[in-house]
Amino acid sequence: MSDGPIAAGENILVYADERATYLHVYRPGGRFECHHGAVDMPEALYWGDVLETMKGVPLAILRPSHAEVLTLLKRRTTVVYPKEAGRILLEMGVRSGGRYGEVGSGSGAMTSILAWMTGPEGRIYSRERVENHFDQACKNIERFGVSDRVDLELRDVARQGWGVDGLDAVFVDVPEPWSIVPAALDALDSGGIWVSLSPTVDQIVRTERALFQAGFARRTMLELFERKWKLFPGRTRPGDRMIGHTAFLLTARRVGDMGFVRREQTRRKRR
C-alpha cells in the first residue's frame with residue numbers, strides 16, 4: 001500500500017475474479033457498477049482496499065499493470081498483446097529520454113506505454129491516418145496523463161512521412177508496413193531500429209524485401225507464444241484455452257551502406 005490515497009482521476013483496477021476485472025477512473029464519491037452490483041467510491045481510497053458492492057460481493061482496488069491497460073483499455077482496433085508489447089519495448093531499446101516514432105496509433109495504449117517508458121524527457125511521435133482511431137487514441141493518451149510526451153498527428157506516414165528525423169527507433173503497426181519503409185529511412189537516426197507487427201507471413205516477406213532494398217541490416221523475424229496455467233493446490237496444470245498465433249515481429253537496423261547489406265544477405269544464403 002502506498003503512503004497516500006489514490007488521486008482523483010487516476011486509473012484503478014476493480015477486481016472480483018479473472019472473469020470480472022475492470023479498468024475504471026477513480027472519482028471520490030462516484031459510483032462503479034458491474035454485474036456484481038454497484039459500489040460508491042469513498043472520499044479516500046488506497047491501493048489494496050476491498051470494497052463491497054450492494055449485492056455483498058467484495059471488490060479489490062488494485063494498481064493496473066501495463067499489461068492490463070493494453071487488454072482492458074477501450075479500443076476500436078486489434079490489441080497488441082502483452083506477450084508482444086514487452087518484446088517490442090526491448091527490441092526498440094526504449095530508454096528514458098529517447099525519441100521514438102509510431103505509426104498506427106490505434107487505441108493509444110501502446111503509445112501510452114512507450115511514453116511511460118521514455119519518461120518526461122522522452123518524446124513519442126505517433127501517427128494515425130484513420131480519424132476515429134485518432135480520436136480514440138487522443139482520449140486514451142490524455143486519460144493516462146502522458147499527453148505532454150506524445151506528439152500525435154492525423155497523418156498518412158506512407159505519403160507524408162513522420163515529419164521528424166533523428167528517431168532512435170520506430171514501431172509500425174499497419175496493414176501495409178512495407179509502404180512505411182521509405183518514411184522510416186528518412187526518420188531514423190543512423191543505426192536506428194525498425195520494429196513492425198504483422199499477422200501474416202505474406203506481410204513479413206514483402207516488408208523484409210523492402211527493408212533489404214532500403215539498406216536495413218540484421219533483419220529478424222520472431223513469433224511469440226504464451227500459455228497460462230491454472231493454479232489450484234494439488235492440481236496445478238496448463239489452462240484449457242490458449243491464444244495461439246497473434247502476430248509476427250520483424251526487426252531491422254538502418255545501416256545505409258548497401259554494400260554491407262548485400263554482403264550480409266550473401267552470408268545468410270550460405271547458412
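**Exercise 1. Find how strand β5 pairs with β6, and describe the turn that joins them.**

Step 1. Start with β5, residues 50-52: β5 pairs with β6 in the antiparallel sense over three bridges. Strands here are DSSP runs of E with at least two residues, and helices are runs of H or I with at least four residues, numbered from the N terminus. Two strands pair if DSSP finds at least two bridges between them.

Step 2. Look for a facing couple: E52 stands opposite P58 in β6.

Step 3. Now follow the chain around the hairpin of β5 and β6, which has five residues between the strands. There, G56 takes a positive phi near 85°.

A word on the model before you go on: this is a predicted model, in which local features need pLDDT of at least 70 and side-chain atom pairs count only at pLDDT 80 or more, while totals for chains, interfaces and linings use all residues. Residues are numbered from 1 along each chain as its sequence is written, and side-chain values use heavy atoms, with hydrogens and water left out.

**Exercise 2. Work out the order of the strands in the sheet that holds β5 and β6.**

Step 1. On to β1 (residues 11-17): three bridges join β1 to β6 (residues 58-62), and the two run antiparallel.

Step 2. Check two couples across this pairing. L13 stands opposite L62, and Y15 has A60 as its bridge partner.

Step 3. Put the strands in a row: the open sheet of four strands reads β2-β1-β6-β5, with antiparallel pairing. β2 (20-25) and β5 are at the edges with a single partner strand each, so one side of each has no neighbour in the sheet.

Step 4. Add the twist: neighbouring strands of this sheet are turned by 30° against each other on average, direction ignored. Such angles are taken between axes, lines fitted to C-alpha atoms (for helices over the stretch in contact), and run from 0 to 180 degrees between N-to-C directions.

**Exercise 3. Place strand β11 among its partners and say how well it is covered.**

Step 1. Take the parallel side: β10 (residues 167-172) pairs with β11 over five bridges, with V170 opposite W194.

Step 2. Trace the connection: β10, helix α6 (residues 181-187) and β11 make a right-handed β-α-β unit. Right-handed means that, with the strands pointing away from the viewer, the path from the first strand over the helix to the second runs clockwise.

Step 3. Take the antiparallel side: six bridges join β11 to β15 (residues 248-254), and F248 is the bridge partner of S198.

Step 4. Check the cover: eight of the eleven residues of β11 (residues 188-198) are buried. Buried means under 20% relative accessible area, exposed over 50%, and partly exposed in between (1.4 Å probe, protein chains only).

**Exercise 4. Explore the surroundings of W194.**

Step 1. The structure holds three aromatic pairs. One of them is W194 with F216, edge-to-face at 6.5 Å centre to centre and 70° between the planes. Rings of Phe, Tyr and Trp (its six-membered ring) pair if their centres lie within 6.5 Å; planes under 30 degrees apart count as stacked, over 60 as edge-to-face and the rest as tilted.

Step 2. W194 lies in β11 and F216 in β12, so the pair ties together parts that are 22 residues apart in sequence. Both W194 and F216 are buried.

Step 3. Finish with T207 in helix α7 (residues 201-214). Leaving aside neighbours within four places in sequence, T207 is in contact (heavy atoms within 4.5 Å) with P177, W178, W194, S196 and L250. T207 is buried, at a relative accessible area of 1%.
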